[in-house]
Amino acid sequence: MEEKTEQEEAPRKDNGDVKGPPKQRLTVCLISAAFFGSVGSSFLYGYNLSVVNAPARYIKTFYNKTWIDRYNEPIGDGTVTLLWSITVSIFAIGGLVGALTVSFLIKVLGRKGTLLANNALALIAALLLALGETAGSFEMLIIGRFIIGMDSGVSLSVLPMYLGEISPRQIRGSIGQFHAIFICLGVFIGQVLGLPEIFGQESRWNFLFGFLALPALLQLCVLPFLPESPRFLLMERRDEARAEKVVVVSHVHDEIRCDQTDRMRLSTSSHHHNITTPIKTFQAFLGRSDVSRELEEVHAESRAQNTQRTASVLELFRKRSLRWQLITVIVVMSCYQLCGLNAIWYYTNGIFQEAGFQQSLIPYITLSTGGIETLAAIISGLVIEKVGRRPLLIFGFSAMAVFFSLLTVFLHYQDRFPWMPYLSFTSILLLIASFCSGPGGVPFVLTGELFEQSYRPAAFMIAGTVNWLSNFAVGLLFPFIQEALQTFAFLLFVVVCAVGAVYLLVVLPETKNKTFMEISQSFSKINGIPDQTHEREMTNVLDTDAANGLKCADGEMESSF
């Protein structure tokens with residue numbers, strides 16, 4: 001055992017240089033956690049963005065029929081419009097409520113536990129939405145949309161956090177992009193199932209909502225057998241047993257660096273189960289038995305922080321060393337919603353009609369937008385570790401500003417030239433591809449990377465709140481803006497995208513292949529914090545170990561996390 005350790009450490013020390021960790025490979029456990037975590041979370045969010053489009057006229061007809069049955073008179077145009085607007089927009093309100101509960105839920109249930117419990121909301125929403133017509137209650141549809149919004153509000157914060165914490169830093173961005181890929185895939189599947197040949201008919205539209213139960217049930221069947229976030233287990237779960245905290249820390253340090261005799265002694269300790277669970281989760285996700293580097297990095301981060309407990313939102317706002325990280329997340333998440341992609345869907349059908357496409361063909365042509373969205377997200381996931389987060393975001397927002405400008409011109413002259421609608425359609429496809437190349441998924445990856453463990457839940461709660469408030473603002477205000485400015489309404493989005501790109505160019509450092517502590521250090525200068533802060537904290541950690549009499553091996557350790 002000792003011989004193997006020496007052989008593994010030898011290649012890392014050549015002429016005094018310390019090499020990085022070996023290239024990290026994907027494991028079945030890691031891929032399974034990303035896939036099944038996304039199926040019951042991101043997929044449902046994307047699906048609910050598009051699923052209401054196809055049955056819109058049938059749902060309005062149902063509202064009218066129910067109104068007649070109750071009040072013996074047809075529903076007014078204003079009333080049906082109001083009910084439909086509430087049905088659509090209450091999804092964002094539910095999302096906001098869900099985002100506000102995240103910090104509490106993950107503290108009680110953990111990352112994986114919260115994702116599992118969240119499926120209860122999806123199942124309840126599926127029942128309400130699917131049975132609303134049978135029960136003759138449009139209130140069930142409205143309540144169901146609110147509940148599925150809550151489900152999305154929770155999952156949009158918890159899943160990126162979970163994926164970021166279980167992923168080695170060499171592939172953290174690619175694993176994080178599962179979130180964006182499944183959002184796009186959900187949108188696409190919603191469009192496909194809404195076709196007239198499938199569920200896009202008056203007699204079948206309720207099946208569109210019943211489908212919500214399938215991804216939730218799939219996640220419930222598989223996710224319980226996959227590990228919890230090892231960082232959560234090591235850095236947060238031990239707070240609930242403060243009397244054992246010091247013992248657990250010292251035992252981990254002993255077990256990863258002391259001799260075989262000490263290991264045997266520790267294995268008989270009554271607290272050993274508190275150590276082995278996080279170690280086993282690291283081993284499962286990394287696909288190797290030696291996880292000493294990862295444990296060392298996690299505990300270094302843990303003890304370098306001023307507090308082991310989860311910080312509140314107010315504490316995050318007051319933390320000087322995290323000021324620009326927080327500003328960056330707020331700016332990026334605001335631009336994510338305010339960049340105008342949601343508003344594009346207001347124009348799509350009209351542009352297709354102007355281009356001369358038959359009304360019956362438009363649903364099939366619309367599939368191209370969902371297909372482009374999914375393809376761009378997959379490509380982004382494949383290149384994010386080579387290109388980096390910062391270039392993808394800057395390129396995405398810059399390209400969107402260009403294509404929004406072109407779309408404004410094409411729409412303005414659409415009635416004068418018969419071929420102009422085709423250019424408008426091309427601009428829409430390029431806009432969608434630009435969004436999904438970076439801005440569509442990287443903000444969620446970035447939110448998890450910019451904050452260390454104790455501040456991450458509060459950061460995701462703030463990011464989720466900004467995300468859903470911005471979503472609601474676009475849905476509420478854009479119809480009025482479009483009515484006032486007509487085709488020039490898209491110029492507002494040009495400004496948002498341009499400002500976002502410039503801000504990221506000036507402020508955001510690259511985060512790929514960096515540990516969470518290294519990312520925090522890269523913000524030291526702009527936050528006005530001395531660069532040596534973390535080095536002094538790490539020195540204190542080592543001094544504390546020495547004072548406690550830990551007999552650990554010398555040599556630096558490089559982590560995959």
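Patches are built from residues with over 30% relative accessible area and no salt bridge (a side-chain nitrogen of Lys or Arg within 4 Å of a carboxyl oxygen of Asp or Glu), joining like charges within 9 Å and nonpolar side chains (Val, Leu, Ile, Met, Phe, Trp, Tyr) within 5 Å. The model is predicted, so local features need pLDDT of at least 70 and side-chain atom pairs pLDDT 80 or more, while totals for chains, interfaces and linings use all residues. Residues are numbered from 1 along each chain as its sequence is written, and side-chain values use heavy atoms, leaving out hydrogens and water.

**Exercise 1.** Find the nonpolar surface patch that includes F417, and say how open F417 is.

Step 1: the patch consists of V409, Y413, F417, W419, Y422 and L423, and together they offer about 550 Å² of accessible area (Shrake-Rupley, 1.4 Å probe, with only the protein chains shown as cover for residues).
Step 2: F417 sits in the loop between α20 (389-412) and α21 (420-437); helices here are DSSP runs of H or I with at least four residues.
Step 3: F417 has a relative accessible area of 36%, so call it partly exposed (buried is under 20%, exposed over 50%, partly exposed in between).

**Exercise 2.** Work out the span, bend and cover of helix α7.

Step 1: α7 takes in residues 138-166, 29 residues, and its first and last C-alpha are 42 Å apart, close to the expected 42 Å at 1.5 Å a residue (1.5 Å times one less than the number of residues).
Step 2: at S155 there's a bend of about 30°, taken between axes fitted to the seven residues ending there and the seven starting there.
Step 3: for cover, 26 of the 29 residues in α7 are buried.

**Exercise 3.** Why is helix α22 described as largely enclosed?

Step 1: run through residues 442-449 and you'll find eight of the eight buried, so the rest of the structure largely encloses α22.
Step 2: the buried residues include V442, F444 and L446.

**Exercise 4.** Classify two of the aromatic pairs in this structure.

Step 1: a whole-structure search turns up 21 aromatic pairs (Phe, Tyr or Trp six-membered ring centres within 6.5 Å; planes under 30 degrees apart are stacked, over 60 edge-to-face, the rest tilted).
Step 2: F62 and Y63 have ring centres 5.9 Å apart and planes at 50°, so they're tilted. Both F62 and Y63 are buried.
Step 3: for F91 and W468 the centres are 5.6 Å apart and the planes at 75°, so that pair is edge-to-face. F91 belongs to α5 (residues 77-100) and W468 to α23 (residues 456-485), so the pair ties together parts 377 residues apart in sequence.

Note on methods
Helix = DSSP H or I, 4+ residues; strand = E, 2+ residues; numbered from the N terminus. Buried < 20%, exposed > 50% of the residue type's maximum accessible area, 1.4 Å probe, protein only.
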